[in-house]
Amino acid sequence: MNIALLVLENGTSLVAYTDELQYEPKCHMYRPHLIGGKTKITLTPWPEHSVDEHVLLSSNRLLTVCEPTDNVKAAYEKKVPKPLPEPS
């Protein structure tokens with residue numbers, strides 16, 4: 001899993017550990033967070049009011065997936081521990 005910035009079709013920006021899946025839903029996110037703030041970055045668990053750590057997202061909801069800035073990546077890594085590898 002790699003940390004990625006995901007921009008949804010509605011303009012929402014998320015940061016999460018992600019994997020691309022072969023079939024729909026195409027994106028597996030681990031502990032996604034909504035990015036807020038202009039001068040000070042804030043990260044809020046997404047979706048709100050859910051305890052799920054693994055979230056699936058269909059490709060028709062994604063505008064783009066790209067590399068986050070160093071500031072966003074550092075803030076996310078500080079807040080969210082790296083996921084454990086899946087058992088073989």
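Hi everyone, let me start with one residue: Leu6 is buried, with a relative accessible area of 0%. Before going on, please keep in mind that this is a predicted model.

So where is Leu6? You will find Leu6 in strand E1, which covers residues 2-8. What does Leu6 touch, leaving out residues up to four places away in sequence? The list includes Thr12, Ser13, Leu14, Ala16 and Thr18. Further along the chain, Leu6 also touches Cys27 and Met29, and then Leu62, Thr64 and Val65. Take Cys27 from that list: 21 residues separate Leu6 and Cys27 along the chain, and their C-alpha atoms are 9.9 Å apart.

One of those partners deserves a moment of its own. Thr12 sits in the loop between strand E1 and strand E2. With residues up to four places away in sequence set aside, Thr12 touches Leu6, Val7 and Leu34. There is also a polar contact between the side chains of Thr12 and Asn10, at 2.8 Å.

Now let me step back to the whole chain. How many helices and strands does the protein have? There is 1 helix, and there are 6 strands. In sequence order the pattern reads β-β-β-β-β-β-α, with the helix coming after the strands.

What about overall size? For 88 residues, a compact globule would have a radius of gyration near 12 Å, and the 13 Å of this protein agrees with that. The C-alpha trace spans about 40 × 30 × 25 Å along its principal axes. Of the 88 residues, 32% are buried. If we look at contacts with a separation of 6 or more, 52% of them are between residues 24 or more positions apart.

Turning to the outside, the protein exposes about 6,200 Å², and carbon and sulfur atoms supply 51% of that area. On the charge side, there are 9 positive and 11 negative side chains. The centres of those two sets lie 8 Å apart.

Next, some backbone details that I would like you to find on the screen. Which residues does a cis peptide bond join in the loop between strand E2 and strand E3? The bond joins Glu24 and Pro25, and its omega is about -5 degrees. Pro25 lies in that loop, with strand E2 covering 13-20 and strand E3 covering 27-36.

There is another cis peptide bond to look at, running from Trp46 to Pro47, with omega near -5 degrees. Pro47 is in the loop between strand E4 (42-45) and strand E5 (54-57).

That loop between E4 and E5 also holds His49. Phi of His49 is near 65 degrees, a positive value in a residue other than glycine. Is His49 buried or exposed? His49 is exposed, with a relative accessible area of 83%.

Arg31 also has a positive phi, about 50 degrees, although it is not a glycine. Its place, though, is in strand E3. Arg31 is partly exposed, with a relative accessible area of 23%.

To finish, let me go back to where we began. Leu6, in strand E1, has a relative accessible area of 0%, and its partners include Thr12 in the loop that follows that strand. Thanks for listening!

Conventions
Residues are numbered from 1 along each chain as its sequence is written. This is a predicted model: local features need pLDDT of at least 70, side-chain atom pairs count only at pLDDT 80 or more; totals for chains, interfaces and linings use all residues. Side-chain values use heavy atoms; hydrogens and water are left out. Helices (H or I, at least four residues) and strands (E, at least two) are DSSP runs, numbered from the N terminus. The radius of gyration is taken over C-alpha atoms; the globule rule is 2.2 Å times the number of residues to the power 0.38. Buried means under 20% relative accessible area, exposed over 50%, partly exposed in between (1.4 Å probe, protein chains only). Contact means heavy atoms within 4.5 Å. Accessible areas come from the Shrake-Rupley method with a 1.4 Å probe; for residues, only the protein chains shown count as cover. Lys and Arg count as positive and Asp and Glu as negative; His and the chain ends are not counted. The place of a charge is taken as NZ of Lys, CZ of Arg, CG of Asp or CD of Glu. A polar contact is a pair of N or O atoms within 3.5 Å; within protein, one must be able to donate a hydrogen and the other to accept it, and residues adjacent in sequence count only if both atoms are side-chain atoms.
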